[in-house]
Structure formats: C-alpha cells, structure tokens
Amino acid sequence: MDYKALAQQTAQEILGYYQDTSGRKVVKTSKKITVSSKTSKKFHGNLYRVEGIIPESTSKLSDFLYKPENRVTWDKSLKMYSMVQKIDLDTFICHTITHSFAMGSISPRDFIDLVYLKHCEGNMDIISSTSVDFPAYPPSSNYIRGCNHACGYMCSPLQENPAYSKLVMFVQTEMRGKLAPSIIEAKMPSNLVSFLLNVKDGVKTQNPIRTWMSS
C-alpha cells in the first residue's frame, strides 16, 4: 500500500470538509465549543465537526496534537497510543487503544491509523488520520477493532490574536461491534466536547505562564 499517497488524499478530504459548511446541524454547544454533524458519505453514521479556540500558536498546537509522545499526556480517552511504523518526518502509523466511555456503555476499541501533518499557506496546518490495514497488528480478541474514516484537525491562527489558534476537528468513527447507532449519536457530542477540553487543559499544562497571563 502506498501509505504516503493515502495520507495526502486524506488531508485533501479534511480540507474539503473544512471548506464545506453546508447541511450541518448544531448538536451541542458547551464551554465555547460547538459540535455540528451531517450524514457521513463513508459509512452509516455521522461526520462531526468540532470547533473551539485554543490558547496556543498554530505551529505549537500542531506539534502538540501531532507528536505521539504528547498524545498520551493529555488525551484521557486513551489507554495506549504508540507509533508502530514511521513513514517519514510527517507521516506515521499508530496503534490506539481507548478506554470505555459514556459511563461504560461503549467498551474499549482499538484502531490502526495513518497520521499525516501537512503545512498549508496562511500558516494553516492539517493533521489527518484514517484507519488502514497493517498486517503486523491484526485485530485481536481483546478489543473490537474500530475504523476511523477520514478524521483530522485544521489548525489556523486566530485573526484577532495570532498567538491563539482556531481548532476545527472532524470525526467520523465507525465503532463497529453491536452498538446501536442511537447510542453513539446520543453520547458522541458530549464526548467530543470533553476531548477538546482535554486539548485546552493539555496546552495549559505545557504553558502555565501564558495561561496565567491570559486569565
């Protein structure tokens, strides 16, 4: 498989999601974070768009979100996150195991994802992710293997304050297993708000001086 070509294609899909704001319905607004959704074209589920402001520059935020060693320090939804193959400086394959969530109604999942960081004009960064088959890590009986259809982040400087960033996240995760779609649709918006709050808290932990100055 040409992983690099797939990574570049996924980044273009994320850019397309970012530019297309049609047909979306706001499903949750909380703590200055907005979650909207529309029907996914990839599977029988939703494509979620999550937007918020992060008190960090775009370059540092992208680095914070992209590097595997950073992810486990702030993402409370993960039990394990590790790079299993490095493609090049901007591309790698990772193995992720989640905790159960929604008060245990959704059991842990594992994922094999291709992650890619692309720098665009205007100091905008795309961090894309999509699930791939990776023979060295076949599905196991310990976890249900989920699938992330083109997911990712768009990071860009906040126009009125370039020291801050606008973060837009796209999620279309196929949980698989025997979960009723209604359960996922009911729980996902709150879970996505919590995820973005974890990003904010992680950034604050890394930059306590800036947090104090901006409070």
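These legends go with close-up views of one predicted protein model. Residues are numbered from 1 along each chain as its sequence is written, and side-chain values use heavy atoms, leaving out hydrogens and water. Local features need pLDDT of at least 70 and side-chain atom pairs count only at pLDDT 80 or more, while totals for chains, interfaces and linings use all residues.

**Figure 1. The whole protein has 5 helices and 10 strands.** Helices (H or I, at least four residues) and strands (E, at least two) are DSSP runs, numbered from the N terminus. The radius of gyration, taken over C-alpha atoms, is 17 Å, close to the 17 Å that the globule rule gives for 215 residues, so the protein is as compact as a globular protein of that length. That rule is 2.2 Å times the number of residues to the power 0.38. The C-alpha trace spans about 50 × 40 × 35 Å along its principal axes. Of the 215 residues, 50% count as buried. Buried means under 20% relative accessible area, exposed over 50%, and partly exposed in between (1.4 Å probe, protein chains only). Contact means heavy atoms within 4.5 Å. Among contacts with a separation of 6 or more, 59% join residues 24 or more positions apart.

**Figure 2. Trp 74 meets Phe 195 edge-to-face.** Rings of Phe, Tyr and Trp (its six-membered ring) pair if their centres lie within 6.5 Å; planes under 30 degrees apart count as stacked, over 60 as edge-to-face and the rest as tilted. By this rule the count is 6 aromatic pairs. In the pair of Trp 74 and Phe 195, the centres are 5.4 Å apart and the planes are at 70 degrees. Trp 74 sits in helix H3 (residues 68-74) and Phe 195 in helix H4 (residues 181-206), so the pair ties together parts 121 residues apart in sequence. Both residues are buried.

**Figure 3. Tyr 153 and Phe 195 are a stacked pair.** Their ring centres lie 6.5 Å apart and their planes are at 15 degrees, so the pair counts as stacked. Tyr 153 belongs to strand E9 (residues 147-158) and Phe 195 to helix H4, so this pair ties together parts 42 residues apart in sequence. Tyr 153 is buried, at 9% relative accessible area. Phe 195 is buried too, at 12%. Ring pairs link Phe 64, Trp 74, Tyr 153 and Phe 195 into a cluster.

**Figure 4. His 149 is in strand E9.** His 149 counts as buried, with 15% relative accessibility. Which residues does His 149 contact, leaving aside its neighbours within four places in sequence? They are Lys 42, Phe 43, Ser 129, Thr 130, Gln 172 and Glu 174.

**Figure 5. Gln 19 is in helix H1 (residues 3-19).** Is Gln 19 buried or exposed? Gln 19 is exposed, because its relative accessible area is 59%. Thr 34 follows 15 residues apart along the chain, and the C-alpha atoms of Gln 19 and Thr 34 are separated by 17 Å.

**Figure 6. Asn 123 and Arg 176 are loop residues.** Asn 123 is in the loop between strand E6 (109-120) and strand E7 (124-131). Its phi is positive, about 60 degrees, although Asn 123 is not a glycine. Asn 123 is partly exposed, at 44% relative accessibility. Arg 176 lies in the loop between strand E10 (161-174) and H4. Arg 176 also has a positive phi of about 60 degrees without being a glycine. Its relative accessible area is 40%, so Arg 176 is partly exposed.
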